[in-house]
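Visitor: I should like to look closely at one part of this molecule and then follow it outward to its surroundings. Could you begin with one residue and explain how its position is described?

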Amino acid sequence: MKEAYSKNNSRGLYIALAICIVAIVCIGVYSAIMNAVSVPEAPIVRPSATANRKPQATNAPAVTVPKRTDRAPQSTAAAVVPNTTDDMSVSVNNSAKRVYTKPVNGNVTKEFSSDVLVYSVTMNDYRVHNGIDFSASVGNPVGAFCDGEITGIYEDPLMGHTVVIDHGEGLVSVYSNLSSVFPKGIEVGAKVKSGDVIAGVGESALIECADTCHLHFEVMKDNVYVDPNQYLEMN
């Protein structure tokens with residue numbers, strides 16, 4: 001009787017332990033399942049459809065930024081610098097090539113005097129003398145002082161029949177107290193060479209009519225009276 005009771009107790013103890021173990025296992029499994037179900041899922045972040053979208057092309061014109069340089073702007077037109085050296089050499093060469101001729105074959109009876117007064121027999125006073133008087137006879141030929149162009153033929157009220165020749169570069173010669181007859185071709189605009197006969201000596205200068213027969217000869221440079229001897233002495 002006692003043995004049967006003891007066996008029943010042992011069997012009941014084992015059954016109770018088995019039940020406890022099963023219960024513990026079930027509780028553990030249940031807890032694991034609940035924990036897995038309760039954990040929230042992490043949200044899935046998907047890239048926005050506009051994030052990778054390329055910017056659309058526009059029709060606005062592209063802005064061109066000029067490059068900065070330190071160079072000064074250069075003119076496309078070439079600067080023209082006058083060659084003054086050549087101009088001066090031409091002027092000197094032309095002057096050197098000039099040939100100056102004594103206008104008439106005669107002696108000097110009255111010198112050039114622009115700052116010292118000289119006595120005038122005709123006017124019976126002292127006055128300047130802007131030319132040179134060469135003694136000559138009426139009709140003696142008068143030659144051009146230098147190459148040039150005749151720019152004037154007229155009768156001056158005081159100096160009588162007169163011829164004016166322009167030699168260029170501001171040089172002008174004047175021949176007065178001439179006769180009224182001129183060689184053929186001697187007219188305004190005519191070109192003459194040094195020594196060409198342009199007139200004859202006369203007695204038409206009223207302001208010098210008391211002097212012996214002569215040619216009154218004047219030279220001007222840039223409209224200023226100068227001594228003709230400074231040119232005649234070059235030859």
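Guide: Let us begin with Arg98, which counts as buried because its relative accessibility is 16%, and the limit for a buried residue is under 20%. Please keep in mind throughout that this is a predicted model. The side chain of Arg98 meets that of Glu169 in a salt bridge, with 3.8 Å from N to O. This pair connects distant parts of the chain, for Arg98 belongs to the loop between H2 and E1, while Glu169 belongs to the loop between E7 and E8, 71 residues apart. Glu169, at 35% relative accessibility, is therefore classed as partly exposed. The salt bridge thus joins a buried residue to a partly exposed one.

The loop that holds Arg98 deserves a further look. Gly106 also has its place between helix H2 (84-97) and strand E1 (108-110). With a relative accessibility of 10%, Gly106 counts as buried. From Gly106 to Asp133 there are 27 residues in sequence, and their C-alpha atoms are 9.1 Å apart in space.

The loop that holds Glu169 leads to another pair. Val164 is part of strand E7, and its relative accessibility of 12% makes it buried. Ten residues along the chain from Val164 is Val174, and 4.7 Å separates the C-alpha atoms of the two.

We may now turn to the other salt bridges. In the whole structure, a search finds four of them. One of these joins Lys191 to Glu149, with 2.9 Å between the closest N and O atoms. Here too the partners come from distant parts of the chain: Lys191 is in strand E9 (residues 191-192) and Glu149 in strand E6, with their positions 42 residues apart in sequence. Lys191 has a relative accessible area of 65% and is therefore exposed, whereas Glu149, at 29%, is partly exposed.

Another salt bridge is formed by Asp125 and Arg127, whose closest N and O atoms are 2.6 Å apart. Asp125 is partly exposed, having a relative accessible area of 26%. Arg127 falls in that class as well, with a relative accessibility of 28%.

A nonpolar patch on the surface comes next. Leu117, Tyr119, Val121, Tyr126 and Val128 make up this patch, which covers about 490 Å². Two elements, strand E2 (113-120) and strand E3 (125-129), each give two or more residues to it. Val121 is located in the loop between E2 and E3. Its relative accessibility is 46%, so Val121 counts as partly exposed.

Several of the strands already named appear again around the largest pocket. The space in this pocket amounts to about 420 Å³. Its lining consists of 23 residues, and those closest to the centre are Asn130, Met159, Ile207, His216 and Glu218. At least two lining residues come from each of E2, E3, strand E6 (148-156), strand E7 (160-168), strand E8 (171-178) and E11. Sorted by character, the lining contains eleven nonpolar, six polar and six charged residues. Strands E2 and E3, then, contribute to the pocket lining and also to the nonpolar patch.

Strand E11 brings us to a last point, which concerns the angles of the backbone. Most residues other than glycine have a negative phi. Asp222 is not a glycine, yet its phi is positive, at about 55 degrees. This residue is found in the loop between strand E11 (214-221) and strand E12 (224-226). Asp222 counts as exposed because its relative accessibility is 51%, and the exposed class begins over 50%. Asn223 likewise has a positive phi, near 65 degrees, without being a glycine. Asn223 is also placed in the loop between E11 and E12, and its relative accessibility of 73% makes it exposed.

To return to the starting point, Arg98 is a buried residue that forms a salt bridge with Glu169.

Notes: Residues numbered from 1 in each chain as written. Predicted model: local features only at pLDDT ≥ 70, side-chain atom pairs only at ≥ 80, totals over all residues. Heavy atoms only, no water. Patch = residues over 30% accessible without salt bridge, like charges linked within 9 Å, V, L, I, M, F, W, Y side chains within 5 Å. Areas by Shrake-Rupley, 256 points an atom, 1.4 Å probe, with all protein chains shown as cover. Salt bridge = Lys/Arg side-chain N within 4 Å of Asp/Glu carboxyl O. Helix = DSSP H or I, 4+ residues; strand = E, 2+ residues; numbered from the N terminus. Buried < 20%, exposed > 50% of the residue type's maximum accessible area, 1.4 Å probe, protein only. 1 Å grid on protein atoms, 1.4 Å probe; cavity = no way out; pocket = protein on both sides within 12 Å on 5 of 7 lines; lining within 4 Å. Points joined across faces, edges and corners; volume = space filled by probe spheres on them. Nonpolar A, V, L, I, M, F, W, Y, C, P; charged D, E, K, R; others polar.
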